[in-house]
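Reader: I'm new to this one and would like a close look at a single part of it. Could you walk me through it slowly, and show me how it sits in the rest?

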Amino acid sequence: MKRIKIAQIGAGHDHAPAAIQTLKLLDKAGIYELVGYCVVPEDSGNLPENSYEGNKAAYEDVKQMTVEEILSNKELDAVAIETEDRALTKYALMAAEKGLHIQMDKPGGIDGDEFETVTVNYGNHNINISVL
């Protein structure tokens, strides 16, 4: 079975540490190949317990990258987007434009039109989009 190459965008949202831990487990199980993660500007300003700085241990042994490095990786299959709600569709649109499958945190953003663009326009281009 081909492993799914995935990266996580965002590291400061309150669910982000649990998401990266799950991706690490799926990597060990041979399902995913966790390529890396990135911290985004929207990650700053969170409460200490939800911040990247407060949860660095969750990211040990995972390559830190930039958004640009993740999105330009031609071998990547998918991204998990774990940012603040206001930035979810921003990064989902960027990933969809690259043809990447997307798992994003609920509620899928705060702009209904942007969310519709992600789900309707790109959902019709063989891109799987999951909002959990």
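Reader: Let's take helix H3 and what surrounds it. Which residue just after H3 takes a positive phi?

Author: That one is glycine 99, with a phi of about 80°. Keep in mind that this is a predicted model.

Now to the helix itself. H3 covers residues 88-97, and seven of its ten residues are buried, so the rest of the structure largely encloses it. The buried ones are Leu88, Thr89, Tyr91, Ala92, Leu93, Ala95 and Ala96. An α-helix has 3.6 residues a turn, so residues three or four places apart point the same way. What do the buried residues of H3 pack against? The answer is S1, helix H2 (67-71), S4, S5 and H4.

Leading into H3 is a loop that comes from S4, and threonine 83 has its place there. Threonine 83 has 0% relative accessibility, so it counts as buried; the cut-off for that is under 20%. Setting aside neighbours within four places in sequence, threonine 83 is in contact with Ile9, Gly10, His13, Val40, Leu88 and Tyr91. Two of those names, Leu88 and Tyr91, are also among the buried residues of H3. Then there's glycine 109: its C-alpha atom and that of threonine 83 are separated by 9.5 Å, although the two residues are 26 apart along the chain.

Next, step back to S4, the strand before that loop. S4 spans 78-81, and both of its faces are covered. Ala78 and Ala80 are buried on one side, while Val79 and Ile81 are buried on the other. That fits a general pattern: in a regular strand the side chains alternate between the two faces of the sheet.

S4 also has a partner on each hand. It runs parallel to S5, joined by four bridges, and it runs parallel to S1, again with four bridges. On the S5 side, alanine 78 stands opposite histidine 101, and isoleucine 81 has methionine 104 as its bridge partner. On the S1 side, glutamine 8 stands opposite alanine 80.

Those pairings belong to an open sheet of six strands, in the order S3-S2-S1-S4-S5-S6, with parallel pairing. S3 and strand S6 (129-131) stand at the edges with a single partner strand each, so one side of each has no neighbour in the sheet.

H1 makes a good companion to H3. Its 13 residues, 16-28, should span 18 Å at 1.5 Å a residue, and its end C-alpha atoms are indeed 18 Å apart. Its buried residues are Ala16, Pro17, Ala19, Ile20, Leu23 and Lys24. Looking down the axis of H1, these fall within an arc of 160°, so they line one face of the helix. That buried set packs against strand S1 (4-9), S2 and S4, so to speak of neighbours, S1 and S4 also appear among the elements that H3 packs against. On the other side of H1, Leu25 and Lys28 are exposed. Just after H1 comes another glycine with a positive phi: glycine 30, at about 85°.

A couple of backbone oddities in the loops are worth a look too. Aspartate 61 has a positive phi of about 70° even though it isn't a glycine. You'll find aspartate 61 in the loop between strand S2 (32-38) and strand S3 (64-65). With 82% relative accessibility, aspartate 61 counts as exposed. The other spot is the peptide bond from lysine 106 to proline 107, which is cis, with omega near 15°. Proline 107 sits in the loop between strand S5 (101-104) and helix H4 (112-122).

Finally, the whole chain. It has four helices and six strands, running β-α-β-β-α-β-α-β-α-β from the N terminus. The radius of gyration is 14 Å, close to the 14 Å that the globule rule gives for 132 residues, so the chain is as compact as a globular protein of that length. Buried residues make up 45% of the 132. Among contacts between residues at least 6 apart in sequence, 72% join residues at least 24 apart. As for the outside, the chain exposes about 7,000 Å², and carbon and sulfur atoms supply 51% of that.

How values were computed: Residues numbered from 1 in each chain as written. Heavy atoms only, no water. Helix = DSSP H or I, 4+ residues; strand = E, 2+ residues; numbered from the N terminus. Buried < 20%, exposed > 50% of the residue type's maximum accessible area, 1.4 Å probe, protein only. Expected span 1.5 Å × (residues − 1). Arc of directions from axis to C-beta. Contact = heavy atoms within 4.5 Å. Rg over C-alpha atoms; globule rule 2.2 N^0.38 Å. Areas by Shrake-Rupley, 256 points an atom, 1.4 Å probe, with all protein chains shown as cover. Pairing = 2+ DSSP bridges.
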